[in-house]
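Q: Please take a close look at one pocket and its lining, and then follow the description outward to other places that a computational chemist might want to examine. A careful, connected account would be welcome.

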Amino acid sequence: MSTRIAFLKGHGTENDFVIVPDPENAFDLPPAAVAALCDRRAGLGGDGLLHVVRSAAHPEARGMAAEAEWFMDYRNGDGSVAEMCGNGVRVFARYLQHAGHVTGGDLAVATRGGVKTVHIAKNGDVTVGMGRALLPEGDVEVSVGERDWPARNVNMGNPHAVAFVADLDHAGDLYAPPAHAPAGAYPDGVNVEFVVDRGPRHVAMRVHERGSGETRSCGTGACAVAVATARRDGLDPAATGTPATYTVDVPGGTLVITERPDGEIEMTGPAVIVAEGEFDSAWLEGVLA
């Protein structure tokens, strides 16, 4: 017998997600099911899926349940599991507010990248504490077609390669993952950001997200870009004692990234719930048959 399963659609700077509320972790969502739901022609459509589960009900999050009631079980659009998604956390928090689980202000969200602190402001913006950036040693290079660039290796709980380019069009169509070297630098794949300057502490970027292709925005990518740009500009808040704030334009809007002297990075931007409805479990079972 088929059942009706609730879903919502939301986006953060046009990085869009299928949201599946499942507080008790009752739904089996194998990679093929996630990919089917995120399919833009045959499914609901999204860059990724936010599986909303109480931390105590999920084996990967039980250890965080005392700090965060809710776990963002995030999946890429191809069904693969990801450690973190910055825009996804903002949309996840907006969903919790929309559903009445929180009223706004401060809350904590468990992710595979650790517990993230979130603030839902009265003006609608959502600020996420993204943790500290790691800057692994070693030279990295990315390439598209016959062009190649040196890149900064930045880890935001997930891996990034940040390349500064003369023109964002040089990134090509970004359907396929840009090549990177050395091959061993990113054994699990990498998100690649291409960056141009727009003004003082103001840059624009395009991104290929592993498992999703080019997306309209990437929150962890914007943080990685801000950190890489600050270091390129000779700014290290840990050394200066002064926060560094960068405006990062993405195809879907604008994010504001601040790196504090203690290394913590905060990302502020919009988060919108667009629609809600139901899908038939029989449809999904048919797709997976």
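**The second largest pocket and beyond**

A: Helix α5, which covers residues 281–288, supplies the largest share of the lining of the second largest pocket, namely 4 residues. The model is a predicted one, and the values that follow are computed from it. The pocket in question has a volume of about 170 Å³, and 13 residues line it, with Ile5, Asp28, Leu29, Ser281 and Leu284 lying nearest its centre. By residue class, this lining is made up of 10 nonpolar residues, 1 polar residue and 2 charged residues.

The largest pocket can be described in the same terms. Its space amounts to about 310 Å³, and of the 15 residues that line it, Cys38, Asp39, Arg40, Gly46 and Ser212 are the closest to its centre. Two elements, α1 (31–38) and β14 (213–214), are those that give two or more residues to this lining. Its residues divide into 4 nonpolar, 5 polar and 6 charged, whereas the lining of the second largest pocket holds 10 nonpolar residues.

Arg40 and Gly46, named above among the residues closest to the centre of the largest pocket, also appear in the surroundings of Asp16. This aspartate belongs to strand β2, residues 15–21, and it counts as buried because its relative accessibility is 11%, below the 20% limit for that class. Leaving aside residues up to four places away in sequence, Asp16 touches Lys9, Gly10, His11, Arg40, Gly45, Gly46, Asp47 and Gly48.

The aromatic residues give another view of the model, in which a search of the whole structure finds 4 aromatic pairs. In one of these, the ring centres of Trp149 and Phe194 are 5.5 Å apart and the planes stand at 75°, so the arrangement is edge-to-face. Since Trp149 lies in strand β9 (residues 147–155) and Phe194 in strand β12 (residues 191–199), this pair ties together parts that are 45 residues apart in sequence. Both partners, Trp149 and Phe194, are buried.

A further edge-to-face pair is formed by Phe279 and Trp283, with 6.2 Å from centre to centre and 75° between the planes. The exposure of these two residues falls into separate classes: Phe279 counts as buried because its relative accessibility is 6%, while Trp283 counts as partly exposed because its relative accessibility is 29%. Phe279 and Trp283 do not stand by themselves, as together with Phe7 they form one aromatic cluster. An aromatic ring also takes part in a contact with a charge, for the charged end of Arg232 sits over the ring of Phe164 at 4.7 Å from its centre.

Strand β9, already met through Trp149, also contains Asp148. Here the burial differs in class, since Trp149 is buried, but Asp148, with a relative accessible area of 43%, is partly exposed. Apart from residues up to four places away in sequence, Asp148 touches Glu141, Val142 and Ser143. Asp148 is also separated from Ala66 by 82 residues in sequence and, C-alpha to C-alpha, by 46 Å in space.

Note on methods. Residues are numbered from 1 along each chain as its sequence is written. This is a predicted model: local features need pLDDT of at least 70, side-chain atom pairs count only at pLDDT 80 or more; totals for chains, interfaces and linings use all residues. Side-chain values use heavy atoms; hydrogens and water are left out. On a 1 Å grid over the protein atoms alone, a cavity is a set of points where a 1.4 Å probe fits but cannot get out, and a pocket is an open set with protein on both sides within 12 Å along at least five of seven lines; lining residues have an atom within 4 Å of a point. Grid points are joined across faces, edges and corners, and a volume is the space filled by probe spheres set on the points. Ala, Val, Leu, Ile, Met, Phe, Trp, Tyr, Cys and Pro count as nonpolar, Asp, Glu, Lys and Arg as charged, and the others, Gly among them, as polar. Rings of Phe, Tyr and Trp (its six-membered ring) pair if their centres lie within 6.5 Å; planes under 30 degrees apart count as stacked, over 60 as edge-to-face and the rest as tilted. Buried means under 20% relative accessible area, exposed over 50%, partly exposed in between (1.4 Å probe, protein chains only). A charge sits over a ring if NZ of Lys or CZ of Arg is within 6 Å of the ring centre and within 35 degrees of the ring normal. Contact means heavy atoms within 4.5 Å.
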